[in-house]
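Me: Hi, could you walk me through this one? I'd like to go over a few helices and then the cysteines.

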Amino acid sequence: MYKYDEYDQSIVDARVDEFRDQVARRLSGQLTEDQFKPLRLMNGLYLQLHAYMLRVAIPYGTLDSRQMRMLGHVARTYDRGYAHFTTRQNLQFNWIKLEQTPDILAELATVAMHAIQTSGNCIRNISSDQYAGAAADEVADPRPWAELIRQWSTFHPEFTYLPRKFKIAVIAAAEDRSAMRLHDIGIQLLEQDDVLGARIYVGGGMGRTPMISHLIRDFVTADELMSYLEACLRVYNRYGRRDNIYKARIKILLHEIGPDEYRRQVEEEFALVRALGIDPPVAELERITAMFGSPAFEAPAATPLDRSDPDFAVWLDHNVVAHKQPGYAIVNISLKPIGGIPGDASADQIDVMADLAERLSFNELRVTHAQNIVLPHVHMRDLSEVWHALVDAGLAEANLDLITDIIACPGLDYCSLANARSIPLAQKIATRFADPVRQRDLGELKLKISGCINACGHHHAGHIGILGVDKKGTENYQLSLGGSGAEDVSLAKITGPGFDEDGVVDAIERVTDTYLAVRDKGERFLDTYRRVGFEPFKEAIYGARVATLEAGE
């Protein structure tokens, strides 16, 4: 993984010193809250409903055990003993005291971590495939390119104050594990005629106006990728709306001028940018790439797994994924215990995951956009030891991609923008579907909850999506079906009128019962939905609702 050099460290240290001075001036009254707000947001500090929230950057979701332990230390020392992993592969502390923020950032800086560009109208944390460097289906490790984009975008003088926040994802496989098509720019590395390059998608996003990105260039060579990204951003920065926050994202620009016109202008700009020579020299790319070399894997050896424990066998089937290196596996750690808060981990649990990474995964962990954690390189012989440690820590839920593996934003329990609570609803749904046999029978079913239209819970991309809205002062939940953030990307369709908290849980049960009744053998929920269409599910949801109302009359 990437290691800070003296320039990286000096930049982060200087930022801590600057912010310490800014906080001191705020606390003394020299700065008003309005004056302080843009300064704190540039350091990832939000003022939420009950306290400050600090968002820590985890570039492309990769961190080591030392960094993971520091996150546990901060949770234990400065928060309430836990932290929240996010859909941008970052981490949030929800109960931060303003006067302690500089000390937190200083401690994070000692392990090459920061909160820079985790907020504001800038290029945010670059996201990537959580299996990068371990997946058998990738054409290259996407992380060197994600790191290159991170360096290019950090404090970029032209893109520090964009019309709106900007999100980039980099993948290198046909399977999209990062919701790449729902980003402002999605980059898919691929090879053409033995030349590494990238397919560029632009204009995706969720929020109040969800859109799937457009293919803007079928192939740009890797050695000109940075120039092409610069051109894409220049066109957006030139025309993006700054007079209307709801029309400021690049997806709106493409919608208004059309992908063909945007493509034409990008190509013109690309010709100009390419002549500037901003693409990195080969030696620099090789230096970065060398930091992401494969670990010292052992030679393949027969390692039979003892599957006699049925719980261990189920966990292997659901949470362990094939590795490109024979004899190794990718382990997914679910942060979705039944009745728990999706994405949360206690300081003690964070320490356990750090210890497992250090001892049994070449000192590496990944955060996933589904709010889980990955140990990317575990020897097959160590899987049982990992599982037992996770069982002891309450981290062995075998529910990856099942209905209880719920993505949920913090919602109205924390967020000042939210209209409804997400966490209690996620807990009720998980409890309703707690039976592991029932979950496995339903199969892959991605359920996602957002507490407001900003869609931090990715409800538009849920096989089942839930949006919390305010209906005359009452929390109301809209149900959507048919979304996907994967390579078969689609946007979910709202089923109809919303429900209260208990009502939407009942509605989900009617949806899943309908799926079980009409599915063909081997079909996922999404496959069945696409085959039979919207109406059977709508009838199941609202037919029962109408009958209940009539019976009450």
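**Helix contacts and cysteines**

Reply: Happy to, and keep in mind that this is a predicted model. Let's start with helix 15 (residues 501–518) and helix 16 (residues 525–532), whose axes come within 10 Å and cross at roughly 75°.

Me: What does that angle make helix 15 and helix 16 to each other, roughly parallel or roughly perpendicular?

Reply: Roughly perpendicular. Angles of 65 to 115 degrees count that way.

Me: Which residues meet there, between helix 15 and helix 16?

Reply: From helix 15 you have V511, Y515 and V518, and they meet F525, T528, R531 and V532 of helix 16. By type, the residues of this contact are five nonpolar, one polar and one charged.

Me: Nice. Switching to helix 12, which of its residues are buried?

Reply: In helix 12 (residues 383–393), the buried ones are L383, V386, W387, L390 and A393. They span an arc of only 125° around the axis, so they sit on the same side of helix 12.

Me: Why would that spacing put residues on the same side?

Reply: An α-helix has 3.6 residues a turn, so residues three or four places apart point the same way.

Me: And what covers the buried residues of helix 12?

Reply: The cover includes helix 10 (310–319), helix 11 (347–360), and three strands: strand 11 (320–322), strand 12 (328–333) and strand 15 (373–379).

Me: What comes just after helix 12?

Reply: G394, with a positive phi of about 70°.

Me: Now helix 7, which residues are buried there?

Reply: Helix 7 covers residues 250–257, and I250, K251, I252, L253 and L254 are buried in it. Among the elements covering those buried residues are strand 9 (195–202) and strand 10 (214–221), along with helix 6 (225–239) and helix 8 (259–274).

Me: What follows helix 7?

Reply: G258, and its phi is positive too, near 90°.

Me: Last topic, how many disulfides are there?

Reply: Zero. Take C415, which is in no disulfide: the nearest cysteine sulfur belongs to C452 and is 5.8 Å away.

Me: What about C456, how far is its sulfur from the closest cysteine sulfur?

Reply: The distance is 6.1 Å, again to C452, and that is too far for a bond. A disulfide would need the sulfur atoms within 2.5 Å.

Me: Are we looking at buried or exposed positions for C415 and C456?

Reply: C415 is buried, at a relative accessible area of 18%. C456 is partly exposed, at 45%.

Key:
Residues are numbered from 1 along each chain as its sequence is written. This is a predicted model: local features need pLDDT of at least 70, side-chain atom pairs count only at pLDDT 80 or more; totals for chains, interfaces and linings use all residues. Side-chain values use heavy atoms; hydrogens and water are left out. Buried means under 20% relative accessible area, exposed over 50%, partly exposed in between (1.4 Å probe, protein chains only). Helices (H or I, at least four residues) and strands (E, at least two) are DSSP runs, numbered from the N terminus. Contact means heavy atoms within 4.5 Å. Axes are lines fitted to C-alpha atoms, for helices over the stretch in contact, and angles run from 0 to 180 degrees between N-to-C directions. Angles under 35 degrees count as roughly parallel, over 145 as roughly antiparallel, 65 to 115 as roughly perpendicular and the rest as oblique. Ala, Val, Leu, Ile, Met, Phe, Trp, Tyr, Cys and Pro count as nonpolar, Asp, Glu, Lys and Arg as charged, and the others, Gly among them, as polar. The arc is that of the directions from the helix axis to the C-beta atoms.
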